[in-house]
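Work through the exercises below with the structure open. Each one sets a task and then solves it step by step.

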Amino acid sequence: MIPHLLGILLVTTKAEFSKYVPYKTPKSRHNISGKGFTLPPQSDGYFINSGTPIPVPLEFDCAVREYAWEYGIQIQNRHGSFVTLYDALQLNACNVTRPKETERNIPKYDNNNNDNNNCVYYIDPVNGNDSNDGLKTVSAFKSIERGIERTRIMREGKQVCTLNLMKGVHYQATSIDITSKDSYLTIQNYNGEEAVISGGVAIDFGSNEWELVDYAETDWVYYPNSNNVYGRADDGDSNDAVRYLGTVDTYDECLTLAKNSNAAGGNPFYWSITWHSLNFTQGFTGQCFGTRDLYWGPYSQENIESGRFIGKNIWKRKVVNSAAFGNEILGLRVDNKRGIRARYPDQDPEIAMQYDPISGWLLYDTVWKPPIKYPNAENVIVNASSYPNVEWPMDGPGGTTWTGEGDWGNFYIGKGGPCETSNKLGGVDPPFGYWCSATAPRQITEHECPSGVTLDSTFGMNLPYANLSGAVVHAWRPAHWYTNMYAVDGVSAKSGDVVDFIAGGFQGGEGESVGAEW
(Lines give C-alpha, C1' and ligand atoms only; values in the text may rest on other atoms or scores of the structure.)
Protein backbone atom coordinates (compact mmCIF):
# COMPACT_ATOMS: atom_id res chain seq x y z
CA MET A 1 0.00 0.00 0.00
CA ILE A 2 1.07 3.61 -0.46
CA PRO A 3 0.82 5.47 2.90
CA HIS A 4 0.37 8.99 1.59
CA LEU A 5 -2.67 7.88 -0.41
CA LEU A 6 -4.65 7.03 2.71
CA GLY A 7 -5.62 10.64 3.28
CA ILE A 8 -7.25 10.63 -0.14
CA LEU A 9 -9.06 7.38 0.59
CA LEU A 10 -10.63 8.78 3.76
CA VAL A 11 -12.78 11.08 1.66
CA THR A 12 -13.81 8.39 -0.83
CA THR A 13 -17.57 7.95 -0.83
CA LYS A 14 -19.43 4.67 -0.51
CA ALA A 15 -20.93 5.25 -3.94
CA GLU A 16 -17.46 5.23 -5.49
CA PHE A 17 -16.79 1.80 -3.99
CA SER A 18 -19.86 0.30 -5.63
CA LYS A 19 -18.23 0.03 -9.05
CA TYR A 20 -15.91 -2.71 -7.85
CA VAL A 21 -17.24 -6.23 -8.31
CA PRO A 22 -17.34 -8.82 -5.50
CA TYR A 23 -15.06 -11.82 -5.18
CA LYS A 24 -16.20 -15.00 -6.91
CA THR A 25 -15.44 -18.70 -6.72
CA PRO A 26 -12.92 -19.94 -9.35
CA LYS A 27 -14.51 -21.74 -12.27
CA SER A 28 -13.45 -25.22 -13.30
CA ARG A 29 -10.91 -25.47 -16.09
CA HIS A 30 -9.50 -28.23 -18.21
CA ASN A 31 -7.95 -30.45 -15.58
CA ILE A 32 -4.18 -30.55 -15.75
CA SER A 33 -3.57 -34.28 -15.75
CA GLY A 34 -2.00 -35.62 -12.59
CA LYS A 35 -2.06 -32.26 -10.80
CA GLY A 36 -5.75 -31.74 -10.19
CA PHE A 37 -5.65 -28.00 -9.53
CA THR A 38 -7.56 -25.14 -11.09
CA LEU A 39 -6.05 -21.96 -12.44
CA PRO A 40 -7.55 -18.64 -11.33
CA PRO A 41 -9.28 -16.33 -13.80
CA GLN A 42 -7.74 -12.92 -14.33
CA SER A 43 -10.69 -10.60 -13.69
CA ASP A 44 -13.82 -9.95 -11.64
CA GLY A 45 -12.10 -9.70 -8.28
CA TYR A 46 -9.31 -12.24 -8.85
CA PHE A 47 -5.70 -11.28 -8.27
CA ILE A 48 -2.51 -13.22 -8.87
CA ASN A 49 -0.74 -13.13 -5.49
CA SER A 50 -2.27 -9.79 -4.55
CA GLY A 51 -0.30 -9.43 -1.33
CA THR A 52 -3.34 -7.81 0.30
CA PRO A 53 -4.09 -8.95 3.88
CA ILE A 54 -7.25 -11.08 4.07
CA PRO A 55 -9.33 -8.70 6.26
CA VAL A 56 -9.00 -5.84 3.76
CA PRO A 57 -12.24 -5.59 1.75
CA LEU A 58 -12.13 -5.68 -2.03
CA GLU A 59 -13.66 -2.21 -2.30
CA PHE A 60 -10.88 -0.65 -0.24
CA ASP A 61 -8.16 -2.68 -1.96
CA CYS A 62 -9.37 -1.69 -5.43
CA ALA A 63 -9.74 1.97 -4.47
CA VAL A 64 -6.14 2.08 -3.22
CA ARG A 65 -4.91 0.42 -6.40
CA GLU A 66 -6.82 2.83 -8.66
CA TYR A 67 -5.63 5.89 -6.76
CA ALA A 68 -2.07 4.58 -6.89
CA TRP A 69 -2.40 4.32 -10.67
CA GLU A 70 -3.85 7.84 -10.93
CA TYR A 71 -1.11 9.21 -8.70
CA GLY A 72 1.51 7.42 -10.79
CA ILE A 73 0.18 9.12 -13.92
CA GLN A 74 0.34 12.45 -12.09
CA ILE A 75 3.95 12.19 -10.93
CA GLN A 76 5.25 10.22 -13.95
CA ASN A 77 3.33 11.84 -16.78
CA ARG A 78 6.02 10.88 -19.27
CA HIS A 79 4.44 7.39 -19.22
CA GLY A 80 1.18 8.68 -20.72
CA SER A 81 -1.71 6.41 -19.69
CA PHE A 82 0.80 4.28 -17.73
CA VAL A 83 -0.62 0.97 -18.92
CA THR A 84 2.32 -0.90 -17.37
CA LEU A 85 1.36 0.39 -13.92
CA TYR A 86 -2.30 -0.52 -14.57
CA ASP A 87 -1.18 -4.09 -15.37
CA ALA A 88 1.14 -4.28 -12.37
CA LEU A 89 -1.67 -3.23 -10.04
CA GLN A 90 -4.00 -5.81 -11.67
CA LEU A 91 -6.75 -3.24 -12.04
CA ASN A 92 -8.66 -5.43 -14.48
CA ALA A 93 -9.50 -7.55 -11.44
CA CYS A 94 -11.20 -4.44 -10.02
CA ASN A 95 -13.48 -3.94 -13.03
CA VAL A 96 -11.47 -0.88 -14.12
CA THR A 97 -11.27 -0.53 -17.91
CA ARG A 98 -7.77 -1.01 -19.31
CA PRO A 99 -6.75 2.18 -21.15
CA LYS A 100 -5.25 2.37 -24.60
CA GLU A 101 -1.52 2.76 -24.43
CA THR A 102 -0.69 6.38 -25.26
CA GLU A 103 2.63 7.76 -26.35
CA ARG A 104 4.93 8.80 -23.56
CA ASN A 105 5.16 12.54 -23.15
CA ILE A 106 8.75 13.56 -23.68
CA PRO A 107 9.57 16.37 -21.22
CA LYS A 108 10.71 19.73 -22.51
CA TYR A 109 13.05 21.74 -20.31
CA ASP A 110 14.51 25.21 -20.29
CA ASN A 111 17.72 24.94 -22.27
CA ASN A 112 19.39 27.54 -20.04
CA ASN A 113 20.88 29.14 -23.11
CA ASN A 114 21.09 32.83 -22.31
CA ASP A 115 23.67 35.59 -22.23
CA ASN A 116 24.21 35.16 -18.48
CA ASN A 117 25.14 31.49 -18.70
CA ASN A 118 28.19 30.38 -20.64
CA CYS A 119 28.14 26.85 -19.21
CA VAL A 120 25.62 25.26 -21.58
CA TYR A 121 26.72 22.54 -23.98
CA TYR A 122 25.05 20.30 -26.56
CA ILE A 123 25.62 16.59 -27.15
CA ASP A 124 24.62 15.12 -30.52
CA PRO A 125 25.18 11.31 -30.74
CA VAL A 126 24.65 11.30 -34.51
CA ASN A 127 26.36 14.36 -35.96
CA GLY A 128 28.43 15.58 -33.02
CA ASN A 129 32.21 15.67 -32.72
CA ASP A 130 34.22 15.91 -29.52
CA SER A 131 36.63 18.30 -31.23
CA ASN A 132 33.78 20.87 -31.59
CA ASP A 133 33.22 23.62 -29.03
CA GLY A 134 29.83 22.18 -28.01
CA LEU A 135 28.25 25.64 -27.66
CA LYS A 136 25.59 25.26 -30.37
CA THR A 137 23.52 22.48 -31.87
CA VAL A 138 25.52 22.71 -35.08
CA SER A 139 28.82 22.39 -33.21
CA ALA A 140 27.76 19.85 -30.58
CA PHE A 141 29.99 17.36 -28.81
CA LYS A 142 29.46 13.67 -29.54
CA SER A 143 29.96 12.18 -26.06
CA ILE A 144 28.56 12.94 -22.65
CA GLU A 145 32.05 12.41 -21.19
CA ARG A 146 33.38 15.30 -23.27
CA GLY A 147 30.56 17.52 -22.08
CA ILE A 148 31.24 16.74 -18.40
CA GLU A 149 34.93 17.30 -18.91
CA ARG A 150 34.21 20.73 -20.37
CA THR A 151 31.76 21.81 -17.65
CA ARG A 152 34.32 20.97 -14.97
CA ILE A 153 36.71 23.41 -16.62
CA MET A 154 34.20 26.19 -17.26
CA ARG A 155 31.97 26.23 -14.17
CA GLU A 156 32.67 28.79 -11.47
CA GLY A 157 31.57 28.31 -7.85
CA LYS A 158 27.92 27.28 -7.72
CA GLN A 159 27.20 28.14 -11.32
CA VAL A 160 24.57 25.93 -12.94
CA CYS A 161 25.87 24.03 -15.95
CA THR A 162 23.66 22.21 -18.45
CA LEU A 163 24.26 19.39 -20.92
CA ASN A 164 21.48 19.24 -23.52
CA LEU A 165 21.26 15.74 -25.01
CA MET A 166 19.99 15.85 -28.57
CA LYS A 167 17.86 13.23 -30.32
CA GLY A 168 19.29 9.74 -30.67
CA VAL A 169 20.92 6.96 -28.64
CA HIS A 170 23.89 8.02 -26.54
CA TYR A 171 25.92 4.81 -26.23
CA GLN A 172 28.06 4.47 -23.12
CA ALA A 173 30.86 1.91 -23.18
CA THR A 174 31.67 2.70 -19.52
CA SER A 175 29.89 4.24 -16.54
CA ILE A 176 29.58 8.01 -16.26
CA ASP A 177 31.14 9.02 -12.95
CA ILE A 178 29.38 12.00 -11.37
CA THR A 179 31.27 13.40 -8.35
CA SER A 180 31.17 16.46 -6.12
CA LYS A 181 32.97 18.29 -8.93
CA ASP A 182 29.71 18.11 -10.86
CA SER A 183 27.45 19.80 -8.31
CA TYR A 184 24.80 22.04 -9.94
CA LEU A 185 25.13 20.14 -13.23
CA THR A 186 21.93 19.35 -15.13
CA ILE A 187 21.82 16.63 -17.80
CA GLN A 188 18.58 16.76 -19.80
CA ASN A 189 17.09 16.15 -23.21
CA TYR A 190 17.13 19.07 -25.64
CA ASN A 191 13.95 20.87 -26.67
CA GLY A 192 11.60 17.91 -26.09
CA GLU A 193 13.65 15.55 -28.26
CA GLU A 194 13.86 11.85 -27.38
CA ALA A 195 17.36 11.19 -26.07
CA VAL A 196 18.24 7.70 -24.82
CA ILE A 197 21.33 6.74 -22.82
CA SER A 198 22.28 3.10 -23.46
CA GLY A 199 24.92 0.80 -22.04
CA GLY A 200 24.57 -1.44 -25.08
CA VAL A 201 26.60 -1.72 -28.26
CA ALA A 202 25.21 -0.49 -31.59
CA ILE A 203 24.97 -3.26 -34.19
CA ASP A 204 26.88 -2.43 -37.35
CA PHE A 205 25.71 -4.10 -40.55
CA GLY A 206 28.26 -2.36 -42.74
CA SER A 207 27.23 -2.46 -46.39
CA ASN A 208 25.32 -5.74 -45.99
CA GLU A 209 21.68 -5.77 -47.04
CA TRP A 210 18.66 -7.63 -45.64
CA GLU A 211 17.99 -11.04 -47.24
CA LEU A 212 14.59 -12.78 -47.25
CA VAL A 213 14.67 -16.19 -45.53
CA ASP A 214 11.01 -17.28 -45.58
CA TYR A 215 7.66 -15.69 -46.38
CA ALA A 216 4.05 -16.86 -46.28
CA GLU A 217 0.83 -14.87 -46.43
CA THR A 218 -0.99 -14.62 -43.12
CA ASP A 219 -3.87 -17.09 -43.01
CA TRP A 220 -5.50 -19.74 -40.83
CA VAL A 221 -3.40 -22.92 -40.51
CA TYR A 222 -5.11 -26.14 -39.36
CA TYR A 223 -3.62 -28.40 -36.64
CA PRO A 224 -5.41 -31.74 -36.01
CA ASN A 225 -5.26 -33.44 -32.59
CA SER A 226 -4.03 -30.23 -30.97
CA ASN A 227 -5.49 -28.46 -27.93
CA ASN A 228 -4.27 -24.87 -27.57
CA VAL A 229 -6.60 -24.08 -24.63
CA TYR A 230 -5.56 -27.02 -22.45
CA GLY A 231 -5.68 -25.88 -18.83
CA ARG A 232 -6.90 -22.42 -19.80
CA ALA A 233 -10.50 -22.73 -21.04
CA ASP A 234 -13.62 -22.54 -18.88
CA ASP A 235 -16.37 -25.09 -19.58
CA GLY A 236 -18.94 -23.17 -21.65
CA ASP A 237 -17.70 -19.75 -20.53
CA SER A 238 -15.12 -17.05 -21.27
CA ASN A 239 -12.20 -15.59 -19.35
CA ASP A 240 -9.63 -12.91 -20.13
CA ALA A 241 -7.36 -15.26 -22.09
CA VAL A 242 -9.86 -17.56 -23.82
CA ARG A 243 -13.32 -16.73 -25.15
CA TYR A 244 -16.12 -19.27 -25.52
CA LEU A 245 -17.56 -18.76 -29.03
CA GLY A 246 -20.31 -21.38 -28.95
CA THR A 247 -21.03 -25.07 -29.45
CA VAL A 248 -20.94 -26.31 -33.06
CA ASP A 249 -20.69 -29.52 -35.04
CA THR A 250 -17.49 -28.96 -37.05
CA TYR A 251 -14.11 -27.20 -36.99
CA ASP A 252 -15.12 -25.12 -40.01
CA GLU A 253 -18.16 -23.79 -38.14
CA CYS A 254 -15.87 -22.88 -35.24
CA LEU A 255 -13.57 -21.00 -37.60
CA THR A 256 -16.57 -19.17 -39.09
CA LEU A 257 -17.63 -18.05 -35.58
CA ALA A 258 -14.19 -16.56 -35.03
CA LYS A 259 -14.08 -14.83 -38.41
CA ASN A 260 -17.58 -13.38 -38.04
CA SER A 261 -17.20 -12.23 -34.47
CA ASN A 262 -17.88 -8.53 -33.99
CA ALA A 263 -14.78 -8.40 -31.80
CA ALA A 264 -12.58 -9.72 -34.57
CA GLY A 265 -12.99 -6.91 -37.10
CA GLY A 266 -10.70 -6.88 -40.12
CA ASN A 267 -7.67 -7.88 -38.09
CA PRO A 268 -8.79 -10.99 -36.19
CA PHE A 269 -9.11 -10.56 -32.47
CA TYR A 270 -8.61 -14.32 -32.16
CA TRP A 271 -5.12 -15.47 -33.05
CA SER A 272 -6.02 -19.12 -32.60
CA ILE A 273 -9.13 -21.29 -32.19
CA THR A 274 -9.76 -24.69 -30.64
CA TRP A 275 -12.74 -26.95 -31.30
CA HIS A 276 -13.59 -30.06 -29.25
CA SER A 277 -15.05 -32.58 -31.65
CA LEU A 278 -18.28 -34.46 -31.07
CA ASN A 279 -16.15 -37.55 -30.33
CA PHE A 280 -14.40 -35.84 -27.41
CA THR A 281 -15.87 -37.44 -24.27
CA GLN A 282 -14.15 -35.57 -21.43
CA GLY A 283 -16.55 -32.63 -21.31
CA PHE A 284 -16.42 -29.57 -23.59
CA THR A 285 -17.95 -31.62 -26.44
CA GLY A 286 -18.52 -29.43 -29.52
CA GLN A 287 -17.30 -26.30 -27.74
CA CYS A 288 -15.40 -23.69 -29.75
CA PHE A 289 -12.91 -21.26 -28.19
CA GLY A 290 -10.89 -18.33 -29.49
CA THR A 291 -7.72 -17.10 -27.78
CA ARG A 292 -7.39 -13.44 -26.87
CA ASP A 293 -3.60 -13.48 -26.76
CA LEU A 294 -0.73 -14.69 -28.92
CA TYR A 295 -0.16 -17.87 -26.90
CA TRP A 296 0.60 -20.94 -28.98
CA GLY A 297 1.67 -24.15 -27.24
CA PRO A 298 -0.88 -26.83 -28.16
CA TYR A 299 -1.07 -30.09 -26.26
CA SER A 300 -1.30 -33.22 -28.40
CA GLN A 301 -4.79 -34.58 -27.74
CA GLU A 302 -7.08 -36.67 -29.92
CA ASN A 303 -10.49 -35.41 -31.09
CA ILE A 304 -9.52 -31.76 -30.58
CA GLU A 305 -8.64 -29.49 -33.50
CA SER A 306 -6.98 -26.09 -33.44
CA GLY A 307 -6.22 -23.37 -35.96
CA ARG A 308 -3.73 -20.53 -35.88
CA PHE A 309 -3.80 -17.21 -37.70
CA ILE A 310 -0.18 -16.89 -38.74
CA GLY A 311 2.18 -15.96 -41.54
CA LYS A 312 5.93 -15.80 -42.10
CA ASN A 313 8.15 -12.82 -42.83
CA ILE A 314 11.69 -13.81 -41.82
CA TRP A 315 14.78 -11.86 -42.87
CA LYS A 316 18.49 -11.95 -42.03
CA ARG A 317 21.39 -9.52 -42.25
CA LYS A 318 25.06 -10.05 -41.56
CA VAL A 319 26.65 -8.20 -38.63
CA VAL A 320 30.22 -6.92 -39.06
CA ASN A 321 31.06 -5.93 -35.45
CA SER A 322 30.05 -9.08 -33.57
CA ALA A 323 33.42 -9.14 -31.77
CA ALA A 324 32.38 -5.93 -29.99
CA PHE A 325 29.79 -7.90 -28.00
CA GLY A 326 31.64 -11.19 -27.68
CA ASN A 327 29.98 -12.82 -30.70
CA GLU A 328 26.88 -13.37 -28.55
CA ILE A 329 23.76 -11.23 -28.25
CA LEU A 330 22.46 -11.66 -24.71
CA GLY A 331 19.84 -8.95 -25.13
CA LEU A 332 18.54 -6.89 -28.05
CA ARG A 333 16.68 -3.59 -28.16
CA VAL A 334 14.94 -2.43 -31.33
CA ASP A 335 13.69 1.18 -31.44
CA ASN A 336 14.38 1.37 -27.67
CA LYS A 337 12.15 -1.63 -26.94
CA ARG A 338 13.37 -5.03 -25.81
CA GLY A 339 13.49 -7.62 -28.54
CA ILE A 340 11.99 -11.04 -27.78
CA ARG A 341 14.04 -14.19 -28.25
CA ALA A 342 12.45 -16.98 -30.26
CA ARG A 343 10.57 -19.00 -27.65
CA TYR A 344 8.08 -21.79 -27.18
CA PRO A 345 5.26 -21.45 -26.32
CA ASP A 346 4.82 -18.17 -28.16
CA GLN A 347 4.13 -15.19 -25.92
CA ASP A 348 5.37 -11.68 -25.22
CA PRO A 349 7.26 -11.73 -21.87
CA GLU A 350 7.02 -7.95 -21.66
CA ILE A 351 3.29 -8.06 -20.96
CA ALA A 352 2.23 -11.58 -20.01
CA MET A 353 4.91 -13.75 -18.45
CA GLN A 354 4.78 -12.44 -14.87
CA TYR A 355 1.23 -11.20 -14.41
CA ASP A 356 -0.42 -14.08 -16.17
CA PRO A 357 1.24 -17.47 -15.59
CA ILE A 358 -1.62 -19.13 -17.50
CA SER A 359 -0.34 -17.84 -20.84
CA GLY A 360 3.10 -18.42 -22.27
CA TRP A 361 4.01 -21.51 -20.25
CA LEU A 362 3.75 -25.25 -20.89
CA LEU A 363 1.16 -26.53 -18.41
CA TYR A 364 1.68 -30.21 -19.07
CA ASP A 365 3.08 -32.97 -16.84
CA THR A 366 6.85 -32.90 -17.30
CA VAL A 367 9.57 -35.34 -16.22
CA TRP A 368 12.48 -33.50 -14.56
CA LYS A 369 15.94 -34.93 -13.95
CA PRO A 370 16.74 -35.08 -10.20
CA PRO A 371 19.03 -32.41 -8.68
CA ILE A 372 22.77 -32.77 -8.43
CA LYS A 373 23.55 -33.62 -4.80
CA TYR A 374 26.24 -31.45 -3.26
CA PRO A 375 27.75 -31.77 0.25
CA ASN A 376 25.77 -30.11 3.04
CA ALA A 377 26.58 -26.52 3.85
CA GLU A 378 28.47 -25.51 6.98
CA ASN A 379 25.95 -24.05 9.44
CA VAL A 380 26.62 -20.71 11.08
CA ILE A 381 24.18 -20.16 13.99
CA VAL A 382 23.52 -16.65 15.23
CA ASN A 383 21.50 -15.86 18.38
CA ALA A 384 21.22 -13.55 21.37
CA SER A 385 24.68 -14.49 22.65
CA SER A 386 26.16 -13.30 19.35
CA TYR A 387 24.83 -9.77 19.90
CA PRO A 388 24.52 -9.17 23.69
CA ASN A 389 23.58 -5.50 23.21
CA VAL A 390 20.64 -6.30 20.92
CA GLU A 391 17.16 -7.21 22.15
CA TRP A 392 16.91 -10.71 20.74
CA PRO A 393 14.10 -12.94 22.09
CA MET A 394 15.06 -16.60 22.36
CA ASP A 395 11.64 -17.96 23.39
CA GLY A 396 8.97 -18.23 20.72
CA PRO A 397 5.40 -17.08 21.15
CA GLY A 398 3.10 -19.71 22.67
CA GLY A 399 6.02 -21.94 23.58
CA THR A 400 6.63 -23.03 20.00
CA THR A 401 10.00 -24.56 19.12
CA TRP A 402 9.96 -23.29 15.54
CA THR A 403 13.27 -21.48 15.12
CA GLY A 404 15.70 -20.45 12.46
CA GLU A 405 13.74 -17.75 10.61
CA GLY A 406 15.38 -14.76 12.26
CA ASP A 407 12.58 -13.03 14.19
CA TRP A 408 13.44 -15.00 17.36
CA GLY A 409 15.65 -17.85 18.48
CA ASN A 410 18.59 -19.19 16.51
CA PHE A 411 19.11 -17.84 13.02
CA TYR A 412 20.73 -20.29 10.64
CA ILE A 413 23.04 -19.37 7.78
CA GLY A 414 24.42 -22.01 5.45
CA LYS A 415 27.92 -21.57 4.01
CA GLY A 416 28.94 -23.38 0.82
CA GLY A 417 27.38 -26.75 0.11
CA PRO A 418 24.64 -26.43 -2.53
CA CYS A 419 25.31 -22.68 -2.68
CA GLU A 420 29.03 -22.96 -3.42
CA THR A 421 29.81 -20.42 -6.16
CA SER A 422 31.70 -22.97 -8.27
CA ASN A 423 28.72 -25.37 -8.47
CA LYS A 424 27.47 -26.00 -11.99
CA LEU A 425 23.86 -25.50 -10.91
CA GLY A 426 22.57 -23.33 -8.08
CA GLY A 427 25.85 -21.71 -7.09
CA VAL A 428 25.56 -18.18 -5.71
CA ASP A 429 28.04 -15.41 -4.99
CA PRO A 430 28.72 -15.01 -2.10
CA PRO A 431 27.92 -18.63 -1.18
CA PHE A 432 25.91 -17.82 1.96
CA GLY A 433 22.24 -17.75 2.92
CA TYR A 434 19.46 -19.11 5.08
CA TRP A 435 18.25 -21.32 2.23
CA CYS A 436 21.70 -22.87 1.86
CA SER A 437 21.35 -24.67 5.21
CA ALA A 438 20.28 -28.32 5.15
CA THR A 439 19.45 -28.62 8.85
CA ALA A 440 17.63 -25.40 9.79
CA PRO A 441 14.85 -26.24 12.32
CA ARG A 442 12.13 -25.10 9.96
CA GLN A 443 12.72 -28.26 7.91
CA ILE A 444 13.24 -26.27 4.72
CA THR A 445 14.28 -27.79 1.42
CA GLU A 446 17.86 -26.76 0.88
CA HIS A 447 18.81 -24.70 -2.14
CA GLU A 448 18.59 -27.08 -5.12
CA CYS A 449 17.01 -27.42 -8.55
CA PRO A 450 16.38 -30.05 -11.23
CA SER A 451 19.38 -30.90 -13.40
CA GLY A 452 17.57 -31.51 -16.68
CA VAL A 453 14.23 -31.98 -18.43
CA THR A 454 12.65 -34.62 -20.66
CA LEU A 455 11.40 -33.36 -24.02
CA ASP A 456 8.02 -34.64 -25.17
CA SER A 457 6.48 -34.34 -28.64
CA THR A 458 2.97 -34.27 -27.12
CA PHE A 459 3.80 -30.75 -25.90
CA GLY A 460 3.63 -29.49 -29.48
CA MET A 461 7.37 -28.91 -29.75
CA ASN A 462 8.97 -28.97 -33.17
CA LEU A 463 11.02 -32.06 -32.37
CA PRO A 464 13.60 -33.31 -33.14
CA TYR A 465 16.08 -30.47 -32.58
CA ALA A 466 19.35 -30.59 -34.51
CA ASN A 467 21.33 -28.41 -32.08
CA LEU A 468 20.23 -26.92 -28.74
CA SER A 469 23.28 -24.67 -28.30
CA GLY A 470 22.24 -21.35 -26.81
CA ALA A 471 18.81 -22.57 -25.72
CA VAL A 472 17.46 -21.56 -22.31
CA VAL A 473 14.80 -23.32 -20.22
CA HIS A 474 12.73 -20.92 -18.08
CA ALA A 475 10.70 -22.70 -15.39
CA TRP A 476 8.51 -21.85 -12.43
CA ARG A 477 9.19 -23.37 -9.03
CA PRO A 478 6.09 -25.23 -7.77
CA ALA A 479 3.87 -22.80 -5.76
CA HIS A 480 5.19 -19.98 -8.00
CA TRP A 481 7.58 -18.36 -5.56
CA TYR A 482 10.07 -17.60 -8.33
CA THR A 483 11.35 -18.79 -11.70
CA ASN A 484 14.70 -20.33 -12.60
CA MET A 485 16.55 -20.15 -15.90
CA TYR A 486 18.90 -22.82 -17.20
CA ALA A 487 21.37 -23.03 -20.07
CA VAL A 488 21.07 -26.42 -21.75
CA ASP A 489 23.61 -28.78 -23.23
CA GLY A 490 24.15 -28.10 -26.94
CA VAL A 491 23.11 -31.48 -28.31
CA SER A 492 20.60 -32.84 -30.77
CA ALA A 493 17.41 -34.06 -29.15
CA LYS A 494 14.29 -36.02 -30.04
CA SER A 495 11.10 -36.77 -28.11
CA GLY A 496 11.86 -38.71 -24.93
CA ASP A 497 15.44 -37.44 -24.62
CA VAL A 498 16.65 -35.90 -21.36
CA VAL A 499 18.38 -32.58 -21.90
CA ASP A 500 20.94 -31.69 -19.23
CA PHE A 501 21.22 -28.23 -17.69
CA ILE A 502 24.78 -26.91 -17.74
CA ALA A 503 24.33 -23.62 -15.84
CA GLY A 504 21.72 -21.63 -13.93
CA GLY A 505 19.24 -22.56 -11.21
CA PHE A 506 20.54 -19.93 -8.80
CA GLN A 507 17.73 -17.38 -9.12
CA GLY A 508 15.51 -18.66 -6.30
CA GLY A 509 15.76 -19.37 -2.58
CA GLU A 510 14.33 -22.53 -1.05
CA GLY A 511 15.01 -25.44 -3.34
CA GLU A 512 12.77 -27.83 -5.23
CA SER A 513 13.66 -31.07 -7.01
CA VAL A 514 11.28 -30.41 -9.94
CA GLY A 515 9.98 -27.50 -11.97
CA ALA A 516 6.39 -26.52 -12.68
CA GLU A 517 5.13 -24.64 -15.76
CA TRP A 518 7.96 -23.91 -18.17
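**Exercise 1. Sort the residues that line the largest cavity by class.**

Step 1. The lining of the largest cavity divides into 6 nonpolar, 3 polar and 3 charged residues. Here Ala, Val, Leu, Ile, Met, Phe, Trp, Tyr, Cys and Pro count as nonpolar, Asp, Glu, Lys and Arg as charged, and the others, Gly among them, as polar.

Step 2. A cavity is a set of points, on a 1 Å grid over the protein atoms alone, where a 1.4 Å probe fits but cannot get out, and its lining residues have an atom within 4 Å of a point. The model is predicted: local features need pLDDT of at least 70, side-chain atom pairs count only at pLDDT 80 or more, and totals for chains, interfaces and linings use all residues. Residues are numbered from 1 along each chain as its sequence is written, and side-chain values use heavy atoms, with hydrogens and water left out.

Step 3. The lining consists of Pro371, Ile372, Lys373, Tyr374, Pro418, Leu425, Gly426, Glu446, His447, Glu448, Cys449 and Gly505. One of them, Cys449, has 4% relative accessibility and therefore counts as buried. Buried means under 20% relative accessible area, exposed over 50%, and partly exposed in between (1.4 Å probe, protein chains only).

**Exercise 2. State how many cavities there are, and describe the second largest.**

Step 1. There are 2 cavities of 30 Å³ or more. For a volume, grid points are joined across faces, edges and corners, and the space filled by probe spheres set on the points is taken.

Step 2. The largest cavity has a volume of about 110 Å³, and the second largest holds about 60 Å³.

Step 3. The second largest cavity is lined by 14 residues, of which Pro450, Arg477, Asn484, Tyr486 and Val514 are the closest to its centre. Two elements, β20 (472–476) and β21 (483–488), each give two or more residues to this lining. Helices (H or I, at least four residues) and strands (E, at least two) are DSSP runs, numbered from the N terminus.

Step 4. By class, this second lining has 9 nonpolar, 2 polar and 3 charged residues.

**Exercise 3. Find the disulfides in the whole structure, and describe the link of Cys62 and Cys94.**

Step 1. The search gives 4 disulfides, each a pair of cysteine sulfur atoms within 2.5 Å. With bonded cysteines counted along the chain, the pattern is 1-2, 3-4, 5-6, 7-8.

Step 2. In the disulfide of Cys62 and Cys94, the sulfur atoms are 2.1 Å apart. The angle about the S-S bond is -85 degrees, and the link is left-handed. Cys62 belongs to helix α3 (residues 58–75) and Cys94 to the loop between α4 (83–88) and β1 (120–123), so the disulfide ties together parts 32 residues apart in sequence. Both Cys62 and Cys94 are buried.

**Exercise 4. Give the handedness of the disulfides Cys119–Cys161 and Cys254–Cys288.**

Step 1. Cys119 is joined to Cys161, with 1.9 Å from S to S. The torsion about their S-S bond is about 95 degrees, so this disulfide is right-handed. The pair links distant parts of the chain, 42 residues apart: Cys119 is in the loop between α4 and β1, and Cys161 is in strand β2 (residues 161–165).

Step 2. The sulfur atoms of Cys254 and Cys288 are 2.0 Å apart. Their torsion is about 75 degrees, so this disulfide is right-handed. Cys254 lies in helix α6 (residues 251–260) and Cys288 in strand β10 (residues 287–291), 34 residues apart. Cys254 and Cys288 are both buried.

**Exercise 5. Place β2 among its partner strands.**

Step 1. In β2, 5 of its 5 residues are buried. In a regular strand the side chains alternate between the two faces of the sheet. On one side of β2 are Cys161, Leu163 and Leu165, on the other Thr162 and Asn164, all buried.

Step 2. β1 and β2 pair in the parallel sense over 4 bridges; two strands pair if DSSP finds at least two bridges between them. Val120 has Thr162 of β2 as its bridge partner.

Step 3. From β1 the chain passes through helix α5 (residues 144–154) to β2, a right-handed β-α-β crossover. Right-handed means that, with the strands pointing away from the viewer, the path from the first strand over the helix to the second runs clockwise.

Step 4. β2 also runs parallel to strand β4 (residues 185–189), joined by 5 bridges. There, Thr162 has Thr186 of β4 as its bridge partner.

Definitions and conventions:
On a 1 Å grid over the protein atoms alone, a cavity is a set of points where a 1.4 Å probe fits but cannot get out, and a pocket is an open set with protein on both sides within 12 Å along at least five of seven lines; lining residues have an atom within 4 Å of a point.
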